[in-house]
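I opened a fresh notebook page for this one. I wanted to see what I could look up before forming any opinions.

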Amino acid sequence: MKKIFVLRGSPRAKGNSNIMLENFLSGLPSEAIIYDYNANKIKLKACTGCLRCNVLKKCVIRYDDWDEISKKILDADIIVFASPVYFLHFPAPVKLLLDRFRSFVNVKLTENALDYQAFDKWDKDFVLLLSLGSSSVQDAEPIIELFQHITNLLQCRDRLHYLIARRMILSGQIFMDEQSLSNFYDKLGINKNEASQDYLKNKDLLQKCKELAERLSFV
Ligand SMILES: Cc1cc2nc3c(=O)[nH]c(=O)nc-3n(C[C@H](O)[C@H](O)[C@H](O)COP(=O)(O)O)c2cc1C
């Protein structure tokens, strides 16, 4: 049975990335085991850069939740980051967790670059469910590039999947009905005609979140 590690990045319970995540989770079989964490509620200290993980193969920082969380990450078949984009990247609580990923890999300095070797075999799918304020998906590119890098070094290169919701400002906007969306766009000065298209796109995106989970469950 598939095990899924989930990290929620939004501080808003009804945030759009959380709604994308709920739709994703609805596509999993009922027996799936879900390790569900909210980056805003867990206790994680920042990486101190001590580099001892390079030799010890684990993070030496104590008295936070990393020990438990890192075991869940390693145990999972699918790793999901559902998050808003803040200043072209993840919100700080998500970045705290990502920096601790350093303890999963040995890093060697070579003449040309850094050479990464994962301590464990990573046979996992990675899913990004991102919500943006911008009308352009360009603002998600730094995160996508980061995950292309991470999946590459963990040798899961072809197993990165992502879905992006754009033009999302209000909590719950992704499932607003067409009329409410149109009224909201009117207030923002966005052409009302965009609302009918966005309404359909948002609906389709939530369906795609569910279908992605269904597809990954049967791989
Ligand atoms: C501090 C902060 C920084 C943000 N930076 C960006 C940004 O760089 N690009 C963007 O498209 N949206 C940005 N936004 C908007 C959020 O990404 C957007 O509203 C998102 O849909 C919120 O997700 P949520 O509903 O899951 O909380 C920012 C919002 C905040 C609060």
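Below are my entries, going from the whole chain down to single residues.

**Entry 1: the whole chain.** First reminder to myself: this is a predicted model. I looked up the secondary structure and found seven helices and seven strands. Reading along the sequence, I get the order β-α-β-α-α-β-α-β-β-β-α-β-α-α. The radius of gyration is 18 Å, close to the 17 Å that the globule rule gives for 219 residues, so I can call the chain as compact as a globular protein of that length. I also noted the box that the C-alpha atoms fill, roughly 60 × 35 × 35 Å along the principal axes. Of the 219 residues, 46% are buried.

**Entry 2: the ligand.** Which residues are closest to the ligand? I found 16 residues around it, with Ser-10, Arg-12, Ser-17, Val-85 and Ser-131 as the closest. Sorting that shell by type gave me seven nonpolar, seven polar and two charged residues.

Then I went after contacts to the ligand's oxygen atoms. Ser-10 has a polar side-chain atom 2.6 Å from a ligand oxygen. For Ser-17, a polar side-chain atom likewise sits 2.6 Å from an oxygen atom of the ligand. Asn-16 does it with its backbone: an N or O atom there lies 2.7 Å from a ligand oxygen. As for cover, the ligand on its own has 650 Å² of accessible area, and the protein covers 77% of that.

**Entry 3: the cysteines.** How many disulfides are there? My count came to zero. I wanted to know why Cys-47 has no bond to Cys-53. The closest cysteine sulfur to that of Cys-47 is in Cys-53, but it is 6.7 Å away, and a disulfide needs the two sulfurs within 2.5 Å, so this pair is too far apart for a bond. Cys-53 is in no disulfide either; its nearest cysteine sulfur belongs to Cys-50, at 6.1 Å.

I checked accessibility for two of them while I was there. Cys-47 is partly exposed, with a relative accessible area of 39%. Cys-53 is buried, at 9%.

**Entry 4: Thr-110.** I found Thr-110 in the loop between β4 (105-109) and β5 (114-118). Is it buried, exposed or in between? Thr-110 counts as partly exposed, at 37% relative accessibility. Its side chain reaches the backbone oxygen of Ala-113 at 2.8 Å. I also took a distance to Cys-59: the two residues are 51 apart along the chain, and their C-alpha atoms are separated by 23 Å.

**Entry 5: Ser-70.** Ser-70 is in helix α3, which covers residues 66-75. I have Ser-70 down as buried because its relative accessible area is 10%, and the cut-off is under 20%. A polar atom of the Ser-70 side chain lies 3.0 Å from the backbone oxygen of Asp-67.

**Entry 6: positive phi.** Next I looked at backbone angles in two loop residues. Leu-51, in the loop between β2 (33-38) and α2 (53-56), has phi near 70 degrees, a positive value in a residue other than glycine. Tyr-63 is in the loop between α2 and α3. Phi of Tyr-63 is near 65 degrees, again positive in a residue other than glycine. I noted Tyr-63 as exposed, with a relative accessible area of 62%.

Methods
Residues are numbered from 1 along each chain as its sequence is written. This is a predicted model: local features need pLDDT of at least 70, side-chain atom pairs count only at pLDDT 80 or more; totals for chains, interfaces and linings use all residues. Side-chain values use heavy atoms; hydrogens and water are left out. Buried means under 20% relative accessible area, exposed over 50%, partly exposed in between (1.4 Å probe, protein chains only). A residue is near a molecule or strand if one of its heavy atoms lies within 4 Å of it. A polar contact is a pair of N or O atoms within 3.5 Å; within protein, one must be able to donate a hydrogen and the other to accept it, and residues adjacent in sequence count only if both atoms are side-chain atoms. Accessible areas come from the Shrake-Rupley method with a 1.4 Å probe; for residues, only the protein chains shown count as cover. Ala, Val, Leu, Ile, Met, Phe, Trp, Tyr, Cys and Pro count as nonpolar, Asp, Glu, Lys and Arg as charged, and the others, Gly among them, as polar. Helices (H or I, at least four residues) and strands (E, at least two) are DSSP runs, numbered from the N terminus. The radius of gyration is taken over C-alpha atoms; the globule rule is 2.2 Å times the number of residues to the power 0.38.
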